[in-house]
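Open the model in your viewer and show side chains as sticks. Each stop below tells you what to select and what is there.

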Amino acid sequence: MKQLQQIKHVFPGGNTSKGFYSFYDYIIREEPEHVFVLKGGPGVGKSTFMRAIAQELLDRGLKVEYHHCSSDPESLDGVAFPELRIAIIDGTAPHVVDPKYPGCIDEILHLNHYLNETKLRENRAEILKLNAQSSEFFQRAYKYLAAAESVYQDWETTIKKHISSGYINQKAIELINRIYGNREISNTEGQIRHLFASAITPDGMVNHLESLIDPMPLKIVLHGLPGTGRSRLLYKVATAGVERGLDLEMFHCALNPDRVEHLVIPDLGVAITTSEEPHAYKRCKSDIWINLNSGFREEGLEQDAEILSTVQKYYWELLGVAISYIRQAKETHDAIESLYIPSMDFDAMGELRTRVLNKIITYIT
């Protein structure tokens, strides 16, 4: 359990209804001490590079954040060491990262230096063809995700009209008082860190809630249908926390990043999560559950039952088609990697990894 609390798993970017959406600026919460930006093509070992260094530092007792790739959840887009304010990130497309403070904070590591370009050019035509195919699969996936979001909004709107006016405002005040008590408004506002706890991946919907929610002593679970005001409630609680000078972590919806699904207040040991498929939360006796469905007016949803059945059907179907295209993009990407791997000098790159690790260790006091 101790090691679990030292490890956090998140997604810094996601395949969403808005296309690829990035929260890369929040990989390091505070002003960074040092950021290593990895540049290099697919299959050059960026994820392995980061994972090896992360394990070394985890073995030394440091906290580690694994920032997973939404297009391949087994791969990493970055690792962060919050106690040192140091991160290693993948700075290649679709999350291109250019140094803001080169030589001062940011350091670019060009892994292509260990690539035999002459050998790689033998597969130039195949690589270009596969890249084009991968891009096409992603663009199709994003169109279906946009369609799924449109249907989801219809789902929300249909339910929202049956919710009593002001119900969420009442619940927000109750929750704010429960969490913050008599804590006064601060002269200095807190900060919000934005990330994804879940992602739409080739493997379907994947989340890492166990590493984000479980370690918090107080867990509050919002249960309610789409349109019952879960995201609105979380925004209100987050705003109240910021006004009281607290730093928070806000985790956004994998489909629509404008919606919020989870909120963590580390200084208070509080986590607020929503329980809805595909991230239904397993209930524990110590958890506080808030049923937002109790805000329905007496006439209920019977009159819109057919509409709700239809939108749910098409929502899950559209989401399934989008995932199938993301899966095909992943398979194409794997084929590209297989063409790069034989051209890499991984032994020489291992020496670079050792130098980077030693440099990070100098920051440990």
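**Stop one: a charge over a ring**

Select Lys313 and Tyr314. The charged end of Lys313 lies over the Tyr314 ring, 4.4 Å from the ring centre. Keep in mind throughout that this is a predicted model.

**Stop two: rings between two helices**

Now look at ring against ring. The count of aromatic pairs comes to ten. Start with Tyr152 and Tyr315. Their ring centres are 5.3 Å apart, with 50° between the planes, and the pair is tilted. Colour the two helices to see what this pair links. Tyr152 belongs to helix α4 (residues 124-160) and Tyr315 to helix α8 (residues 305-340). The two residues are 163 apart, so the contact joins distant parts of the chain.

Are these two tyrosines buried or exposed? Tyr152 has a relative accessible area of 4%, so it is buried. Tyr315 is buried too, at 8% relative accessibility.

Keep Tyr315 selected and add Trp155. Here the centres are 5.7 Å apart and the planes stand at 65°; because edge-to-face applies over 60 degrees, this pair is edge-to-face. Trp155 in helix α4 and Tyr315 in helix α8 are 160 residues apart, and this pair also links distant parts of the chain. Trp155 is buried, with 6% relative accessibility.

**Stop three: a ring cluster**

Select Tyr21, Phe23, Tyr26 and Phe196. Ring pairs join these four residues into a cluster.

**Stop four: the largest pocket**

Switch on a surface. The largest pocket has a volume of about 960 Å³. To find its centre, select Pro42, Thr92, Ala93, Pro94 and His333, the closest to that centre of the 36 lining residues.

Which elements supply at least two residues each to the lining? Among them are α2 (46-59) and β6 (72-81). Helices α4 and α8, already coloured, do so as well. Now colour the lining by residue type. There are 13 nonpolar residues, 17 polar and six charged.

**Stop five: the cysteines**

How many disulfides does a search of the whole structure find? The search finds zero. Select Cys69 and draw a distance to the sulfur of Cys253. For Cys69 that is the nearest cysteine sulfur, and it is 18 Å away. A disulfide needs the two sulfur atoms within 2.5 Å, so Cys69 is in none. Cys253 is in no disulfide either, and its nearest cysteine sulfur is that of Cys69.

Check burial before you leave. Cys69 is buried at 15% relative accessibility. Cys253 is buried at 6%.

Methods
Residues numbered from 1 in each chain as written. Predicted model: local features only at pLDDT ≥ 70, side-chain atom pairs only at ≥ 80, totals over all residues. Heavy atoms only, no water. Phe/Tyr/Trp six-rings, centres within 6.5 Å; stacked < 30°, edge-to-face > 60°. Helix = DSSP H or I, 4+ residues; strand = E, 2+ residues; numbered from the N terminus. Buried < 20%, exposed > 50% of the residue type's maximum accessible area, 1.4 Å probe, protein only. Lys NZ or Arg CZ within 6 Å of the ring centre and 35° of its normal. 1 Å grid on protein atoms, 1.4 Å probe; cavity = no way out; pocket = protein on both sides within 12 Å on 5 of 7 lines; lining within 4 Å. Points joined across faces, edges and corners; volume = space filled by probe spheres on them. Nonpolar A, V, L, I, M, F, W, Y, C, P; charged D, E, K, R; others polar.
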